[in-house]
Structures are given as structure tokens and as C-alpha cells.
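This report reads one protein model from its strands outward to its charged side chains. The model and its sequence are shown first, and the account then follows the pairing of the strands.

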Amino acid sequence: QYGDLANWMIPGKMVKGMGGAMDLVSAADTKVVVTMEHTAKGGAHKILPQCKLPLTGTKCVNTIITEKAVFEVDSEKGLTLTEIWPDYSVEDIVGATGCEFEVADDLKPMAQVEV
């Protein structure tokens, strides 16, 4: 909810190593964009008030992009829903998200970026 990231280990699973993720998220002026599935298998929440797994970084995530929505992350205020996939309602996103969030005044439909 406040930008913590846990992406390198699931307890009880074989781990080869944490790689360079900790170095990347801790670097000054780094913008961290997490792309992920909104929910786990069976619909379990993956966006939570607090990480339950070992942390890669604290308050380091700036943006979360899922197949359902885009959230901007403020390390003090939490999440703001800024974009939503047209097939979903805000109520759908509330149900699929495991923590509270604000909805942007200018909520937009998700779309491809023009390059």
C-alpha cells in the first residue's frame, strides 16, 4: 500500500538468490514500476496493506500496473487509482485489491501509450 516491494523469495521454495533487485530499488532517483497480475491464483490479494514476504525494498515503488488497473504510489498517503481497464468498475478493483486506495479525480481508461 505504501510502496514496499517483496519479489525475490517465497518461504519454503527453493531460491537461487536475490539477484540485483535490492540494488536497483535502493539506488537514488530510481523510478520503480511494478507490472504484475492483480490477484494470485484463486483470487487471493497481491496488493496488500503490508508485505507478508521478505522485503526487497521499503517505500520504493512509484507505480503499479496490472491487467485491471494502474495505481500511483505515495509512500505516505498510499495508493491512488489513476487508470482502469474498461471492462472493470471501481467496485471490481476494490474487491480485487487487498488494501484501501484513493480514486483520482481524473480517473482514465487504460490505453496504449503513443510512442
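In this predicted model, strands S1 and S2 run parallel and are joined by four bridges. Within that pairing, Val33 stands opposite Thr63 of S2, Val34 has Ile64 of S2 as its bridge partner, and Thr35 stands opposite Ile65, again in S2. The two faces of S1 are unlike in their cover, since Val32 and Val34 belong to a covered face, whereas Val33 and Thr35 belong to an uncovered one.

The next pairing, between S2 and S3, is antiparallel and rests on three bridges. Thr63, which stands opposite Val33 on the S1 side, also stands opposite Glu72 in S3. The connection from S2 to S3 is a hairpin of three residues.

**The sheet as a whole**

These pairings belong to an open sheet of five strands, ordered S1-S2-S3-S4-S5, in which the pairing is mixed. S1 and strand S5 (102-109) stand at the edges with a single partner strand each, so one side of each is left without a neighbour in the sheet. On average, and with direction ignored, neighbouring strands of this sheet are turned by 20° against each other.

In addition to the five strands, the protein chain has two helices, and the elements follow the pattern α-β-β-β-β-α-β when read along the sequence. Of the contacts in the chain with a separation of 6 or more, 63% are between residues 24 or more positions apart. Buried residues account for 30% of the 115 residues, and the accessible surface of the chain comes to about 7800 Å², with 53% of this surface belonging to carbon and sulfur atoms.

**Two residues with little exposure**

Thr82 lies in strand S4 and, because its relative accessibility is 16%, under the 20% limit, it counts as buried. When residues up to four places away in sequence are not counted, Thr82 touches Val70, Phe71 and Glu72, and also Ala104, Asp106, Leu107 and Lys108. Glu72, one of these contacts of Thr82, is the residue that stands opposite Thr63 in the pairing of S2 with S3.

Lys68 is found in the loop between S2 and S3. Although Lys68 is buried, it has no salt bridge, and the nearest side chain of opposite charge, that of Glu67, is 4.6 Å away. That separation lies outside the 4 Å limit for a salt bridge, so the pair is not counted as one. Leaving aside neighbours within four places in sequence, the residues in contact with Lys68 are His38, Ile84, Trp85, Tyr88, Ile93, Ala96 and Met110.

**Salt bridges**

Which charged side chains do meet in a salt bridge? Side chains of opposite charge can pair when their charged atoms come close. A search of the whole structure finds two salt bridges, listed here with the N to O distance and the relative accessible area of each partner.

| Salt bridge | N to O distance | Relative accessible area of the partners |
|---|---|---|
| Lys59 and Glu76 | 3.7 Å | Lys59 47%, Glu76 59% |
| Asp106 and Lys108 | 3.3 Å | Asp106 48%, Lys108 42% |

The side chains of Lys59 and Glu76 meet in one of these bridges. This pair links distant parts of the chain, for Lys59 is in the loop between strand S1 (32-35) and strand S2 (61-65), while Glu76 is in the loop between strand S3 (69-74) and strand S4 (78-84), and the two are 17 residues apart. Lys59 is partly exposed, whereas Glu76 is exposed.

The other bridge brings together the side chains of Asp106 and Lys108. Asp106 is partly exposed, with a relative accessible area of 48%, and Lys108 is likewise partly exposed, at 42%. Both Asp106 and Lys108 are among the residues that Thr82 touches, and Thr82 itself is buried.

Terms used:
Residues are numbered from 1 along each chain as its sequence is written. This is a predicted model: local features need pLDDT of at least 70, side-chain atom pairs count only at pLDDT 80 or more; totals for chains, interfaces and linings use all residues. Side-chain values use heavy atoms; hydrogens and water are left out. Buried means under 20% relative accessible area, exposed over 50%, partly exposed in between (1.4 Å probe, protein chains only). Contact means heavy atoms within 4.5 Å. Accessible areas come from the Shrake-Rupley method with a 1.4 Å probe; for residues, only the protein chains shown count as cover. Lys and Arg count as positive and Asp and Glu as negative; His and the chain ends are not counted. Two strands pair if DSSP finds at least two bridges between them. Axes are lines fitted to C-alpha atoms, for helices over the stretch in contact, and angles run from 0 to 180 degrees between N-to-C directions.
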